[in-house]
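User: I would like to learn how to read a model of this kind, feature by feature. Could you take me through the general idea each time and then the case at hand?

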Amino acid sequence: MTLSGQSGGSLWVDYDPGPEYPSLTSDIRVDVAVIGAGMAGLCTARELSRSGNMVALLEADRIAYGVSGHTTAKVSALQGLAYSRIRKTRGDDAARQYAESQQDAVAYLRQLAEELGVDCDLEPVTAYTYVTDPDRREELREEADAAQVAGLDARYVEKTPLPFPVSAAVRLDDQAQFHPRKFLLGIAADLTRNGGRIFERTRVTDLKEGVPCRLTTSAGHAIEATDVVVATHYPVFDRGLLFTRLEPKREVVVAGPVPPECLAPEGMFLTDEDNTRSIRTAPHDEGRMLIVTGEKFTPGDPKDQGAAWHFQVLTDWACRHFKDFAVTRRWATQDTFSTDHVPYVGRLHPRGDHTYVATGFGGWGLSGGMMAARLLSSLVTGTPSPWAGLYDPARFHPLAEGPSMLRLGAKTARHLVADRLPGGHADSVDDIGPGQGAVLRSKGEGLQAVHRDASGTLHRLSARCTHLGCIVHFNEAEAAWECPCHGSRFDVNGTVLQGPAVHPLESYNHDQEGEER
């Protein structure tokens with residue numbers, strides 16, 4: 001089962017594709033180069049351009065199309081159980097700063113939408129974190145208390161507008177949901193009006209730090225910049241070893257018209273139960289749409305049941321909880337999670353005076369991306385920010401982060417070794433049906449990632465991820481090769497879909513007789 005042909009895709013990327021921006025075709029010199037044109041990258045570029053900098057925004061594909069184009073598009077300072085966790089690991093002051101910065105992001109998004117006249121379906125809504133297990137009521141009371149101490153007007157409640165009972169919830173009014181692509185196309189238009197330059201289909205493959213910094217693209221063109229911002233979701237350049245403190249997770253999304261007999265639940269709802277469930281509605285040509293997200297899994301994990309299984313589980317759950325609900329669209333999204341539940345926004349590494357990063361938003365990339373734009377623009381321009389220490393990528397809290405770092409390190413080591421051992425791979429290309437993919441051993445060229453398309457043609461690639469060499473595995477539902485170590489994704493021809501990899505998988509599309517049988 002694949003996504004294509006089964007239903008429509010993301011609600012957001014089907015919107016007007018917007019203007020085509022050119023690829024970079026010559027060397028350039030700018031004040032600031034921003035790599036990545038999602039929420040964090042576009043908003044950061046716009047802020048820096050407004051402050052008088054000559055800015056170039058470099059995107060490997062289309063702007064506002066990747067992670068930001070496949071989000072559920074919620075902007076909220078209430079983020080699951082964030083405040084009780086931050087309070088326990090970093091104290092009340094850190095929780096207070098987190099609340100201030102996230103609530104500022106909500107307010108600033110509203111301000112920008114109004115100032116720029118962007119019609120992005122922005123709706124003020126109430127956010128809820130809920131549980132159905134009565135034994136977890138105390139957890140929700142603790143979260144409500146921690147959020148209140150942090151300065152939010154959060155409340156503990158035991159009823160929500162959902163059409164099924166909950167045991168407890170934390171409620172925070174006056175949050176927001178919107179159409180991210182409409183908003184970001186408006187941001188891009190304002191960026192260019194202020195002299196910023198946008199380059200699409202321009203993949204940056206190398207960074208040399210210095211004065212100035214020098215970037216190189218896959219086409220061989222150079223960008224010299226005084227400052228560089230890496231806003232590529234998972235950093236494609238990682239001088240601060242953040243890959244040891246970031247965990248990629250993928251989630252699936254199903255959407256369809258709100259059933260006629262079902263009242264659209266007013267609000268945004270999130271629980272960590274059932275492997276995460278997130279619920280919201282949105283206006284659309286098909287009618288008011290119900291959007292349900294969940295089923296966290298590690299991309300490329302050979303032991304996982306697969307994306308198709310997760311889509312089915314989520315669809316079944318949604319149909320049980322919303323009478324007569326029918327899925328007309330589905331897609332998947334990916335995010336990175338930090339080891340202490342706080343994003344990494346600031347200098348790329350301690351000695352990086354002119355390189356900056358934004359990553360680890362933990363499923364809250366729109367709120368976090370707007371926050372990052374505010375923080376990074378202040379750092380680049382030398383303006384003090386009260387939140388810089390909270391999000392500093394150089395921070396390290398052994399008690400809070402140590403166990404997670406050890407677990408991530410062990411997982412990567414296990415994949416680097418175990419995924420290369422005999423067994424666990426297909427024996428022959430004859431085992432691969434149309435639309436399927438598998439890793440095969442090939443005499444002389446090691447492990448190959450082999451996909452058979454609908455016509456029966458085989459597409460052979462190296463199975464080694466070009467990031468750090470882990471073995472990729474096939475996601476049949478999305479027709480992609482995925483790395484379980486750091487989340488890089490490639491299409492069936494080896495082209496990079498998501499980093500941190502910046503180079504394609506090596507192609508072996510020539511006659512081969514060397515598969516082990």
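User: Let us begin with one helix: which helices do the buried residues of α2 pack against?

Analyst: Please keep in mind throughout that this is a predicted model. The general idea is to pick out the buried residues of an element and then to ask what those residues contact. In helix α2, which covers residues 82-90, the buried residues are Ala82, Tyr83, Ser84, Ile86 and Arg90, and they pack against α3 (92-116), α4 (137-149) and α8 (388-391). Directly after α2 comes glycine 91, with a positive phi near 100°.

User: How many helices and strands does the protein chain have, and how does its radius of gyration stand against that of a compact globule?

Analyst: One takes the count of elements together with a size estimate that depends on the number of residues. The protein chain has nine helices and 24 strands. For 517 residues a compact globule would have a radius of gyration near 24 Å, and because the protein chain has 23 Å, the two agree. The C-alpha trace spans about 65 × 55 × 50 Å along its principal axes.

User: What share of the residues counts as buried, and what share of the contacts joins residues 24 or more positions apart?

Analyst: Burial and contact separation are two views of how a chain is packed, and they are worth reading side by side. Of the 517 residues, 57% count as buried, while residues 24 or more positions apart account for 70% of the contacts with a separation of 6 or more. The accessible surface of the protein chain comes to about 20,300 Å², and 49% of that surface belongs to carbon and sulfur atoms.

User: How many positive and negative side chains are there, and how far apart do the centres of the two sets lie?

Analyst: Here one reads the counts and the offset between the two centres as separate quantities. The protein chain carries 53 positive and 69 negative side chains, and the centres of these two sets lie 2 Å apart.

User: Which cysteines are joined by a disulfide, and why is that disulfide called left-handed?

Analyst: One looks at the sulfur-sulfur distance, then at the torsion, and then at where the two partners sit along the chain. The search of the whole structure finds one disulfide, which joins cysteine 470 to cysteine 485 with an S to S distance of 2.0 Å. The torsion about the S-S bond of this pair is about -90°, so the disulfide is left-handed. Cysteine 470 lies in the loop between β20 (458-462) and β21 (473-475), and cysteine 485 in the loop between β22 (480-482) and β23 (489-490), so the pair ties together parts that are 15 residues apart in sequence.

User: Are cysteine 470 and cysteine 485 buried or exposed, and what is the nearest cysteine sulfur to cysteine 465?

Analyst: A relative accessible area under 20% is the cut-off for calling a residue buried. Cysteine 470 has 1% and is therefore buried, and cysteine 485, with 2%, is buried as well. As for cysteine 465, it is in no disulfide, and the nearest cysteine sulfur, that of cysteine 483, is 4.0 Å away; cysteine 465 is itself buried, with a relative accessible area of 3%.

User: Where are there cis peptide bonds?

Analyst: The torsion to inspect is omega. One cis peptide bond joins valine 211 and proline 212, with omega about 5°, and proline 212 is placed in the loop between β8 (204-208) and β9 (213-217). Another joins glycine 499 and proline 500, with omega about 25°, and proline 500 lies in the segment after β24 (496-498).

User: What is the phi of aspartate 274 and of threonine 276, and how accessible are aspartate 274 and threonine 276?

Analyst: For such residues one reads the backbone torsion first and the surroundings afterwards. Aspartate 274 is not a glycine, yet has a positive phi of about 55°, and it sits in the loop between β12 (268-271) and β13 (277-282). Threonine 276, found in the loop between β12 and β13, has a positive phi near 80°. Their accessibilities are read one by one: aspartate 274 is partly exposed, with a relative accessible area of 46%, whereas threonine 276 is buried, with 9%.

User: To finish with a single residue, which residues does leucine 379 touch?

Analyst: One leaves aside its sequence neighbours and lists what remains. Leucine 379, in helix α7 (residues 365-381), touches Gly346, Tyr356 and Ala388 when residues up to four places away in sequence are not counted. At 28% relative accessibility, leucine 379 counts as partly exposed.

Notes:
Residues numbered from 1 in each chain as written. Heavy atoms only, no water. Helix = DSSP H or I, 4+ residues; strand = E, 2+ residues; numbered from the N terminus. Rg over C-alpha atoms; globule rule 2.2 N^0.38 Å. Buried < 20%, exposed > 50% of the residue type's maximum accessible area, 1.4 Å probe, protein only. Contact = heavy atoms within 4.5 Å. Areas by Shrake-Rupley, 256 points an atom, 1.4 Å probe, with all protein chains shown as cover. Lys, Arg positive; Asp, Glu negative; His and termini not counted. Charge placed at Lys NZ, Arg CZ, Asp CG, Glu CD. Disulfide = S-S within 2.5 Å.
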